[in-house]
Amino acid sequence: MRISFAVVMLFFLLFSFGQLSAQQHFKVGITQRAFEPEGPYNWRGAATHALITSVWYPADSRSIEKPQWVGPPNAPLFSAGDAAPDAKLASGTFPLIVLSHGTGGSAGMMSWLGTALAANGYIAAAVNHPGNNALESYTPQGFSLWWERAKDLSQVIDKMLGDSEFGARIDSSRIAAAGFSLGGYTMIEIAGGTTDRGAYRKFCDSRAAVDMCKSPPEFPQIMDYINRLDATGRNDPEIATSLQQEKEPHRDPRIRAVLAIAPALGPAFPPEGLKKIVIPVEIVAGIEDDSVPIKSSAEYLAAHISGAKLVLLKNGVQHYQFVASCTPAGRQKLPLLCTDGPGVNRDAIHKTTAAIAVAFFKAKLGTPRR
């Protein structure tokens, strides 16, 4: 087992900011897709039976980028960077990176990474996970059947490869994934890790239990529901089927590398559930994360995944700094997500993490096949 461990200081934040800016070669386009899987699908109680997906991509040099926002048009809550809506795709073929948002978030929360990847020559597709995204009402299934998220990403890969605009322009030999928080958990699943809720419950009953064993603020009653999940499944065939698949591998062999950002639910993967991961895994987290403490998630996963690399960011980096940057309205309405400590520069943290992502994917995906 080899673990590369780095603590990234402020000078690296500033260095990476400059490096990433220098590497940006493309204008960024943005569009949306509503992908409908073939046959039956576990929608986890969601009202929308489509995988709503935001796609950032390298755009033609004549494209006009405009500021993008998340939230009500008259009072947006988050900045989603600059991009050209429905712009013409740039010439060439490009790798595909699928993105997974955090608990109760949305594809738009990954815009800082999606735009950076597109500017550096990647097509990035972020799915809104059913029942667990902020575009519609949350469902208990969406917050508790965690492993179903990996299937969402596999479906997005299928649909992107078959898309009339993007399909022929994706290098199918160069596909990877990145995700934040519960999306970081999803990275471990799709890389080949297997979940065991029994191990998670055992951890939560131990003295080592931390805040991740409490219900998240997005769904305050969810831990009670999770504790009753097996009983609920007896009366719901869809839940029962999902529970039967919990400990099965959800590895997608097309994915060649994963980046897990502040990954959650580390104890849901017993050590033996991580041994089959053979693709490159890089983990980035804030050393001061008080929502998902690194000892039981980021550090634990890095210690038990062969060859995994762990990068810890210092200087006030906690959990929600990896969420999109907030507007004044966002800071007023969503203080939990939008309040940063004194001297913390969320935009610089995004640029540093995006630089890490670009370097990782370039190193692991290699050159395009022509």
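Student: What makes the packing of helix α2 against helix α13 oblique?

Tutor: In this predicted model, helix α2 (residues 111–119) and helix α13 (residues 346–365) pack at an angle of about 45°. Roughly parallel needs an angle under 35 degrees, and roughly perpendicular needs 65 to 115. The angle of about 45° fits neither class, so α2 is oblique to α13.

Student: How far apart are the axes of α2 and α13, and what is the hand of the crossing?

Tutor: The axes are 10 Å apart. The crossing of α2 and α13 is right-handed.

Student: Which residues make the contact between α2 and α13?

Tutor: From α2 come W112, L113, A116 and L117. They meet H350, T353, A354, A357, V358 and F361 in α13. The contact residues divide into 8 nonpolar, 2 polar and no charged.

Student: How do you know that H350 and T353 of that contact are polar?

Tutor: Neither His nor Thr is on the nonpolar list or the charged list, so H350 and T353 count as polar.

Student: Now another helix pair. Why is α4 called roughly perpendicular to α5?

Tutor: The axes of α4 and helix α5 (residues 182–191) cross at roughly 75°. The roughly perpendicular class runs from 65 to 115 degrees. The crossing angle falls inside that range, so α4 is roughly perpendicular to α5. Their axes come within 9 Å.

Student: Which residues of α4 and α5 are in contact?

Tutor: R149, A150, L153 and S154 belong to α4. L182, G183, T186, M187, E189 and I190 belong to α5. This contact divides into 5 nonpolar, 3 polar and 2 charged residues.

Student: What makes R149 and E189 the charged residues there?

Tutor: Arg and Glu are on the charged list, so R149 and E189 count as charged.

Student: On to charge pairs. Why is the contact of E165 with R33 called a salt bridge?

Tutor: A salt bridge needs a side-chain nitrogen of Lys or Arg within 4 Å of a carboxyl oxygen of Asp or Glu. For E165 and R33, the closest N and O atoms are 2.9 Å apart. That is within the limit, so the pair qualifies.

Student: Where in the chain do E165 and R33 sit?

Tutor: E165 is in the loop between α4 (148–161) and β8 (170–180). R33 is in strand β2 (residues 27–35). The two are 132 residues apart, so the pair links distant parts of the chain. R33 and E165 also join D163 in a network of salt bridges.

Student: Are E165 and R33 buried or partly exposed?

Tutor: Buried means under 20% relative accessible area, and exposed means over 50%. R33 has 18%, so R33 counts as buried. E165 has 30%, which lies between the two cut-offs, so E165 is partly exposed.

Student: How do you know that E148 and K151 form a salt bridge?

Tutor: Their N to O distance is 3.3 Å. The limit is 4 Å, so the pair passes. E148 and K151 are 3 residues apart in helix α4, which means about one helical turn separates them. E148 is buried at 2% relative accessibility, whereas K151 is partly exposed at 24%.

Student: What makes D340 and R346 a salt bridge?

Tutor: The closest N and O atoms of D340 and R346 are 2.8 Å apart. That too is within 4 Å, so the pair counts. D340 is partly exposed, with a relative accessible area of 26%. R346 is buried, at 5%.

Student: How many salt bridges does the whole structure have?

Tutor: A search of the whole structure finds 12.

Student: Why is Q141 called buried?

Tutor: The relative accessible area of Q141 is 14%. The cut-off is under 20%, so Q141 is buried. Q141 lies in helix α3 (residues 140–144). Leaving aside residues up to four places away in sequence, Q141 touches R44, G45, Y225 and I239.

Student: What stands out about the backbone of R44?

Tutor: Phi of R44 is near 55°, a positive value in a residue other than glycine. R44 lies in the loop between β2 and β3 (51–59). Its relative accessible area is 1%, so R44 is buried.

Student: Where is S181, and what is its phi?

Tutor: S181 is in the loop between β8 and α5. Its phi is near 60°, again positive in a residue other than glycine. At 8% relative accessibility, S181 counts as buried.

Technical notes. Residues are numbered from 1 along each chain as its sequence is written. This is a predicted model: local features need pLDDT of at least 70, side-chain atom pairs count only at pLDDT 80 or more; totals for chains, interfaces and linings use all residues. Side-chain values use heavy atoms; hydrogens and water are left out. Helices (H or I, at least four residues) and strands (E, at least two) are DSSP runs, numbered from the N terminus. Buried means under 20% relative accessible area, exposed over 50%, partly exposed in between (1.4 Å probe, protein chains only). Axes are lines fitted to C-alpha atoms, for helices over the stretch in contact, and angles run from 0 to 180 degrees between N-to-C directions. Angles under 35 degrees count as roughly parallel, over 145 as roughly antiparallel, 65 to 115 as roughly perpendicular and the rest as oblique. A crossing is left-handed if the near helix is turned anticlockwise from the far one by less than a right angle, and right-handed if clockwise. Contact means heavy atoms within 4.5 Å.
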